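This report looks at salt bridges in one protein chain and at how far the model can be trusted. The sequence and structure come first.

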Amino acid sequence: MYEIVRRHLGKVVAGAAMAVTGTAVAVAISLPGTAGAEDTPAGRAAGPAAAPGTGARGTEGAGGAEGTGGRGAAALAPATVAPAAAEGDRGIGTDPLTDAELDRARTLALGPADTAARQDVDGDRGRPQHLGTELADPVPGREGDRRAQVRFYDYARDELVTRTVDLATGKVVSTATSRGVQPSAHPEELRAALDLILASPLGKGVEEDFRDATGTELKSADQLWFNGDVYRVHRERNVPEALSRCGEHRCVRLVTKVRNGAWIDTRNLIVDLSAKNVVRVG
């Protein structure tokens, strides 16, 4: 059940509370136990309640479960977590890239040849924005070779750069650039988008909803949980003129919530990361 409280209208619907401003909506969702427990290890560890008829309604005798005739159940040994196996510097065949290989691939792909003029989401020159690194498809007849494909986004040119590196020889074997191609957003880009929202006039609605949900002031993006992805114009209707270059520009849409608390609806705030602009839609 949800309860929606709309400011100045006084309209209440049974359920959790939703605070509505002109720019954002805060939703307090009632959950079993502590609200927002899914954000914590304790919340994730909570198990389901026992179903009727499973014999969990009571005990007979000391420690005897129902249906055991009073015989005490054997005590279980405390659970232990086995340490993960040590990871080598190099994988074999189609093994996922190791941490060492990921670092090596990114370093090799960021060679000094043409990175000086490139730019990341924060405007720092000398390095494009890293989007991801994955194991490249093997070359027929050379399946044992380990190659990595590294993707960057250059905000200086609004250009996707994909480089394939040979991890054994340390050489960049291919480079491809393209425009108008928008892979999924990196967490660093989503954080930059949230910072832009909070710094913009439209961020006042987010601050008001945070205050309504928590009774405290929003002072940092660290007080919010967030996620999101690329805003794709071809899936939208009535796109504002200010967002007409999304697709050529890098644009994202976020979902946010108070950490361990209410949702704050920011889906109508689109961030053009290339233009450093925040636009309301809908």
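In this predicted model, Arg179 and Glu159 form a salt bridge, with 3.7 Å between the closest N and O atoms. Arg179 sits in the loop between β7 (171–178) and α3 (187–199), while Glu159 belongs to strand β6 (residues 159–166), so the bridge ties together parts that are 20 residues apart in sequence. Arg179 counts as exposed because its relative accessibility is 58%, whereas Glu159, at 11%, counts as buried. Both residues also belong to a network of salt bridges that links Arg118, Asp154, Arg157, Glu159 and Arg179.

Side chains of opposite charge can pair when their charged atoms come close. A search of the whole structure finds 14 salt bridges; the table lists three.

| Pair | Closest N to O |
|---|---|
| Arg179 and Glu159 | 3.7 Å |
| Asp195 and Arg191 | 3.3 Å |
| Arg253 and Glu236 | 3.3 Å |

Arg253 and Glu236 link distant parts of the chain, 17 residues apart: Arg253 is in strand β9 (residues 251–258) and Glu236 in the loop between β8 (224–230) and β9. Arg253 is partly exposed at 25% relative accessibility, and Glu236 is partly exposed at 28%.

Asp195 and Arg191 both lie in helix α3, four residues apart, which is about one turn of the helix. Asp195 has 35% relative accessibility and counts as partly exposed; Arg191, at 29%, is also partly exposed.

Finally, confidence. The mean pLDDT of the chain is 79, and 72% of its residues reach 70 or more. Over residues 1–38 pLDDT stays under 50, and it also stays under 50 over residues 40–70. Where pLDDT is low, the predicted coordinates should not be read in detail.

Key
Residues numbered from 1 in each chain as written. Predicted model: local features only at pLDDT ≥ 70, side-chain atom pairs only at ≥ 80, totals over all residues. Heavy atoms only, no water. pLDDT = per-residue confidence, 0-100. Contact = heavy atoms within 4.5 Å. Salt bridge = Lys/Arg side-chain N within 4 Å of Asp/Glu carboxyl O. Helix = DSSP H or I, 4+ residues; strand = E, 2+ residues; numbered from the N terminus. Buried < 20%, exposed > 50% of the residue type's maximum accessible area, 1.4 Å probe, protein only.
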